Amino acid sequence: MRTRWWPGSSAGTDGGPAEVIGVLGRAAGLVTIGSDISPVEIVEGLVEHALADRASDIHIEPQEHRVRVRYRVDGVLHEVLQMPLDLSFGVVSRIKVLGGMDIVEKRRPQDGQFVFRTTDSRGERTVDVRVSVTLGVNGEKVVLRLLESDRRRVRYSDLGMHPETARAWAVAAGNTSGMLLCAGPTGSGKTTTLYATLGELDDVGSNLCSIEDPVEYVVDTVTQIQINPAIGTTFASGLRSLLRQDPDVILVGEIRDPETAKIAVQSALTGHLVLSTVHARDSVSALYRFLEMGVEPYLVTSSVLVVMAQRLLRRNCPRCLRAVEPTPEQRALYLRHGGIPKSEFLAGAGCNACGGTGFHDRVGVYEMLRMTPSIRALVADNANADVVRFEAVAEGMQTLTTEAVRLVAEDVTTLAEVMRVVAAD
């Protein structure tokens, strides 16, 4: 791995910043560094090691007597580093310079980005780093989101959908018009699902376009627009522009306001296939988000083809599986949602391969609502969301919890993880 050495660090390895933190990271205790280290080397080392550790985000958080650094790995934050508080100014300033931000301005939030290139065992890697800086009571907090610009675009087979769900989603994506929605909180894999869908639709005879914030997967065969409110490019204005580009398929990164919702619905009704995401807790709630944004029920039922709610669950680490005893509450959840009888439940114990967490990587869990005639009629009549959900389950919809329990039965994940991510909904 090509890295630079951190002088004065508390470890005496031969490798550099990534190896230093790797040796004394989550599995073996925190790294504490002194004030004699260059902010340039700190920032470089943090990004280097975060990539090696499969982190999606880096949080640099000033506290009363120290600076805490945490990585988000497989959706969960882990503390990896502590720094003296007097290093905070230099580190934040370095990140602001890289991100093209004003280093003097501290009172208002700022956003920026920069490109980071490195070489490791996987070869040359180029990472787009999105920066967010905001002022807290102890100083400026920085969050770095790491997006690999050259990462492989996933396919349906990579998503982990149940085969029947994947087939139904693919059939819906085969329509020439209408809307396919993915619902869930931030970081639940919605964009990944939509790009897997684009991958199946990508051929020389189709014009594929997207409007996103940010563009997470760069694809040569897709016309991609990134929103930029500073110059007036919003989801709504960008979508209007794309409609003048003779599109066949339009990916709208997120529907978050009434104007975008209405344009997207009209696009789906006038001969375009629209793929988009909505922040909602489940598939039925996603439909009612449109109604809350002022879209008429008959337009929603006429445009939406299917809604896919999803979450990401951490996978058991295959190298350290061991038998565990579920709590009575966990076992009751398992049986209530159709779990097959099991004499033994497995979970990761924690090892070097998984950083002591017992988990390695994540798997999607999906709930697909099909817009059947009875569902359309209920929504058009402004039926209560619970009534719509009851009807969908009666027609065969597998809920998020039911699908998650199926993964527990296959020892892919744990009941504790299901209760943390899914069942709390």
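Which side chain does glutamate 140 meet in a salt bridge? To find out, select glutamate 140 and lysine 96 in this predicted model. The side chains of these two residues form a salt bridge, with an N to O distance of 2.7 Å. The pair connects distant parts of the chain: glutamate 140 belongs to strand β7 (residues 139-148), lysine 96 belongs to helix α3 (residues 88-98), and the two are 44 residues apart. Colouring by accessibility is instructive here. Glutamate 140 has a relative accessible area of 9% and is therefore buried, the limit being under 20%. Lysine 96, at 1% relative accessibility, also counts as buried.

Next, widen the selection to the salt bridges of the whole structure, of which a search finds 22. Among them is the bridge between arginine 66 and glutamate 79, whose closest N and O atoms are 2.7 Å apart. Arginine 66 is located in the loop between β2 (55-62) and β3 (67-73), while glutamate 79 is part of strand β4 (residues 76-83), so this bridge ties together parts that are 13 residues apart in sequence. Are these residues buried or exposed, or do they fall in between? Arginine 66 counts as partly exposed, at 23% relative accessibility. Glutamate 79 is likewise partly exposed, with a value of 23%.

Then move to arginine 108 and glutamate 105. Their closest N and O atoms lie 3.9 Å apart, and the pair forms a salt bridge, for which the cut-off is 4 Å. Arginine 108 is partly exposed, at 47% relative accessibility. Glutamate 105, by contrast, is buried, with a relative accessible area of 16%.

From there, select Glu61, Arg68, Arg70 and Lys141 together. Salt bridges with shared partners join these four residues into one network.

The last stop is glutamate 254. This residue sits in the loop between β11 (249-252) and α8 (258-269). Although placed in a loop, glutamate 254 is buried, with a relative accessible area of 15%. What does the side chain of glutamate 254 make a polar contact with? Display arginine 256: the two side chains are in polar contact at 3.0 Å. To see the surroundings, add Phe235, Thr260, Ser276, Thr277 and His279, which glutamate 254 touches when residues up to four places away in sequence are set aside.

Conventions: Residues numbered from 1 in each chain as written. Predicted model: local features only at pLDDT ≥ 70, side-chain atom pairs only at ≥ 80, totals over all residues. Heavy atoms only, no water. Helix = DSSP H or I, 4+ residues; strand = E, 2+ residues; numbered from the N terminus. Buried < 20%, exposed > 50% of the residue type's maximum accessible area, 1.4 Å probe, protein only. Polar contact = N/O pair within 3.5 Å; in protein donor to acceptor, adjacent residues only side chain to side chain. Contact = heavy atoms within 4.5 Å.
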